[in-house]
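Reader: I'd like to go through the reasoning behind a few of the labels here. Could you take them one at a time?

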Amino acid sequence: MSETNARGLTEREFLSKYDPEKYEHPSVTVDTLIFTVDKGDEEDRLRILLIQRGDHPFLHKWAIPGRFVGMRESVDQAAARELKEKTGLNPEDIYLEQLYTWGDVDRDPRTRIISISYMALIPGEMFARGTRGNRDSTVPTGGNTQEPEKAAWYWVGIRAGSLRLWNEDGELTLEDLAFDHGRMIRLALERMKNKVFYTDIAFKLLPDKFTFSELQRLYEAILGEKLHAPNFRRDMEKWVEQTQEIHRPQRAGKPARYYRQKRG
């Protein structure tokens with residue numbers, strides 16, 4: 001026999017009478033921070049994908065790719081769907097981590113919206129060169145916007161305590177960002193930085209094989225500081241193993257041994 005509550009209702013009876021409109025309820029979105037690494041001649045830099053909004057609120061401001069969570073999907077599925085839509089990559093091949101829940105009452109002027117932020121880390125080799133920094137590339141909007149949204153890759157970092165976002169077209173300020181997305185980006189960078197020496201998170205931005213120099217440059221990009229090479233090599237001994245393959249640079253330079261992340 002089914003248990004009844006104080007009103008004498010079974011669970012089936014209670015659910016049949018339940019009115020979901022009785023209480024106000026917020027909308028839920030996911031915002032997916034998509035990072036990759038950009039290799040330079042002298043140093044590597046992190047890049048993040050931003051979308052220029054095509055409708056109110058924050059018309060023409062730059063934002064993290066996001067979407068409303070569907071009634072028949074989990075928040076993880078919504079984040080993965082946004083990642084695939086904006087990059088064309090298979091989410092199963094990408095590192096995707098839930099970061100934080102953003103619930104300030106007035107964070108969105110449309111209505112009460114709670115957002116869950118995710119961080120996706122994509123090796124630069126997974127993108128074709130030439131797609132980065134293209135300020136005029138259009139992306140699916142996922143909504144009824146009045147004009148196409150634009151996507152662009154921005155170099156990103158924290159310098160002297162301030163968030164910096166810039167590319168070949170110029171630099172953004174916090175006033176150029178929509179919603180609370182400046183705070184989201186800063187939190188993601190801090191999370192990455194805090195986890196880099198006790199987890200394998202940095203390797204999610206690398207190809208399967210890499211030189212020690214490439215590994216150090218990536219860590220320096222994440223940490224925002226130069227590292228002492230001998231000390232760094234000792235710190236990495238528990239994480240990497242040497243392969244039999246040799247990297248021979250096309251330009252002048254010494255050949256270097258390839259390494260890979262240790263298995264198991």
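Author: Sure. Let's begin with pairing: two strands pair if DSSP finds at least two bridges between them. Keep in mind that this is a predicted model.

Reader: How do you know that β8 and strand β9 pair?

Author: β8 and β9 (residues 162-167) share five bridges, in the antiparallel sense. The cut-off is at least two bridges, so the label holds. One of the bridge partners is S162 in β9, matched with R159.

Reader: What lies between β8 and β9 in the hairpin?

Author: Two residues separate β8 and β9 there, and A160 in the turn has a positive phi of about 55°.

Reader: What makes strand β2 a partner of β8?

Author: Same test. Strand β2 (residues 44-52) has seven bridges to β8, again antiparallel, and the requirement is at least two. I48 has Y154 of β8 as its bridge partner.

Reader: Why is strand β8 called largely enclosed?

Author: Buried means under 20% relative accessible area. Eight of the eleven residues in β8 (residues 149-159) count as buried, so the rest of the structure largely encloses that strand. For the chain, 43% of the 264 residues are buried.

Reader: Where does pLDDT stay under 50?

Author: Over residues 128-136, where the model has 22 contacts beyond four places in sequence, and over residues 140-146, with ten such contacts. Where pLDDT is low, predicted coordinates shouldn't be read in detail. The chain's mean pLDDT is 90, with 90% of its residues at 70 or more.

Definitions and conventions. Residues are numbered from 1 along each chain as its sequence is written. This is a predicted model: local features need pLDDT of at least 70, side-chain atom pairs count only at pLDDT 80 or more; totals for chains, interfaces and linings use all residues. Side-chain values use heavy atoms; hydrogens and water are left out. Buried means under 20% relative accessible area, exposed over 50%, partly exposed in between (1.4 Å probe, protein chains only). Helices (H or I, at least four residues) and strands (E, at least two) are DSSP runs, numbered from the N terminus. pLDDT is the predictor's confidence in each residue, from 0 to 100. Contact means heavy atoms within 4.5 Å.
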